[in-house]
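Colleague: Please walk me through this structure, one question at a time.
Modeller: Gladly; here it is, and then ask away.

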Amino acid sequence: MNQTRIAALAETAGIDPLSAVTHPDPYPYYRELAASRPFFRDARLGLWVAAGPREVAAVLAHADCRVRPPAQPVPPALAGTAAGDLFGRLVRMNDGAAHAPLKALLVPMLAAVDPVRAAQQAVAMAQVLDAGNGARTAMPAASVNRWLFALPVVALASVLGLPVARDRDTAVEVAQQVAAFAAAQSPLADTDTVRAGAEAARWLGTWLASSLACGVAANGPLPALQHAALAAGIEAQAVAANIIGLLVQACEATAGLAGNTLLWLGRDPSSGGMPLQGVVARVAQDDPPVQNTRRFLAADTELCGHAVKAGDTVLVLLAAASCSGLADDARAWTFGHGRHACPGDRLAQALAAATVAALRACGAEPAALARAFRYRPSLNARIAHFL
Ligand code: HEM
């Protein structure tokens, strides 16, 4: 397809690489981009766009493509707040030497978590969240939305040995604080959301410090992580920030994966007979929660045959690579690729499947949910909000 046809297609569909994230069906558009314009400059958005799987992989592998603009390690709205301090320490947001040693400890720790155990923790935490509700016929959409954001987070906290299982109020509070901090990271966040995120970062820091100090996390993997980090000369604040970071990373994206799985089940009831893990894996590829990520050029260089300049931004369309049919292997691009690829991918899929199973057990009806929903406003995540 030539560029004029793509422009026509985009115009009729009212779609561009950013609005695609929350478009009802962005996949024909993504496929056309991947096939015909795998790497291009979108002058209106002021962004380079990588859409083909080879180009996406090349950008994510390029040494001059950084996870943050080099002069702006923390988003300006968060800078100088507790949320900014926390953000600035995340391995996800740092390149090279700053990111390697702690990541070398986090990756094996996450890899060692048994997904079956994570699913069991999710079942146990679902009982904590459901305390007092008893049996019901259909779960209201508002409760489904709350559970999507809470259950994966508190199940992961529980896997890490953090004290969330004591009572419902504690579990709900932790989940709400994590969600508030996650929301503040969005470029769409308003001043109230940013303020709430800063308060949440402070709250989470205090809660984690007291949980670790009183030894309640002794049965989980965190004491060994702290010990190894101390031996490697990694500062304790970076370890604490990244433990909170794990909960934050389990929040929106896993809610998106579980929510998109409910939609998939609702639209295609026959998939309800398949093992849930398989449906989740399919959704991660075909209706992924994280649709794009960004890279920031640290130097003038050549990228995918184009001259790019220091300060330029590349929008990396993971979802386009995923649906293009052009990759050598079928993989869940939604978890990224290369040196910043998600080390929580297996865990995320186990938590999403367990969350969907718990929701169905509590009366959530996928077909009814799929009839009334919208996507939450976002420039990178496709997260259903049920109505
Ligand atoms: C469906 C859920 C999830 C999705 C779609 C997802 C996706 C991603 C993506 C795309 C990245 C790379 C970002 C980039 O390169 O710009 C990433 C990084 C990361 N994710 Fe996930 N993630 C999910 C859940 C989780 C969970 C549950 C955890 C923790 C248990 C986690 C931990 C991390 C960490 C630590 C990084 C940073 C890796 C690094 O920078 O080296 N994620 N994730």
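Colleague: Which residue in strand 7 stands opposite Trp48?
Modeller: First, a friendly note: this is a predicted model, where local features need pLDDT of at least 70 and side-chain atom pairs 80 or more, while totals for chains, interfaces and linings use all residues. Residues are numbered from 1 along each chain as its sequence is written, and side-chain values use heavy atoms, without hydrogens or water. Strands here are DSSP runs of E with at least two residues, and helices are runs of H or I with at least four, numbered from the N terminus. The partner of Trp48 in strand 7 is Val314.

Colleague: How many bridges join strand 2 to strand 7?
Modeller: Two strands count as paired if DSSP finds at least two bridges between them. Strand 2 and strand 7 (residues 313-316) run parallel. The number of bridges joining strand 2 to strand 7 is three.

Colleague: Is the pairing of strand 1 and strand 2 parallel or antiparallel?
Modeller: Strand 1 covers residues 39-42 and strand 2 residues 47-50, with four bridges between them. Phe40 stands opposite Val49 in strand 2. In this hairpin, with four residues between the strands, Gly46 takes a positive phi near 70°. The sense of the pairing is antiparallel.

Colleague: Which are the edge strands of the open sheet?
Modeller: Five strands make up the open sheet, with mixed pairing, in the order 1-2-7-4-3. An edge strand here pairs on one side only. The edge strands are strand 1 and strand 3 (65-66).

Colleague: Which residue is the only protein donor of the iron atom of the ligand?
Modeller: Donors are N, O and S atoms within 2.8 Å of the metal (3.2 Å for Na, K and Ca), and water is not among the atoms, so sites may look incomplete. The donor atom here is SG, at 2.3 Å. Its residue lies in the loop between helix 14 (318-323) and helix 15 (345-361). The donor is Cys342.

Colleague: Which side chain has an N or O atom 2.9 Å from an oxygen atom of the ligand?
Modeller: A polar contact with the ligand is a pair of N or O atoms within 3.5 Å. The side chain of Arg92 has an N or O atom 3.4 Å from a ligand oxygen, and that of Gln249 has one 3.3 Å from a ligand nitrogen. The side chain at 2.9 Å belongs to His99.

Colleague: Which helix gives the most to the shell around the ligand?
Modeller: There are 27 residues around the ligand (a heavy atom within 4 Å), including Lys103, Thr293 and Arg295 among those that come nearest. With three residues, the top contributor to this shell is helix 12.

Notes. A polar contact is a pair of N or O atoms within 3.5 Å; within protein, one must be able to donate a hydrogen and the other to accept it, and residues adjacent in sequence count only if both atoms are side-chain atoms.
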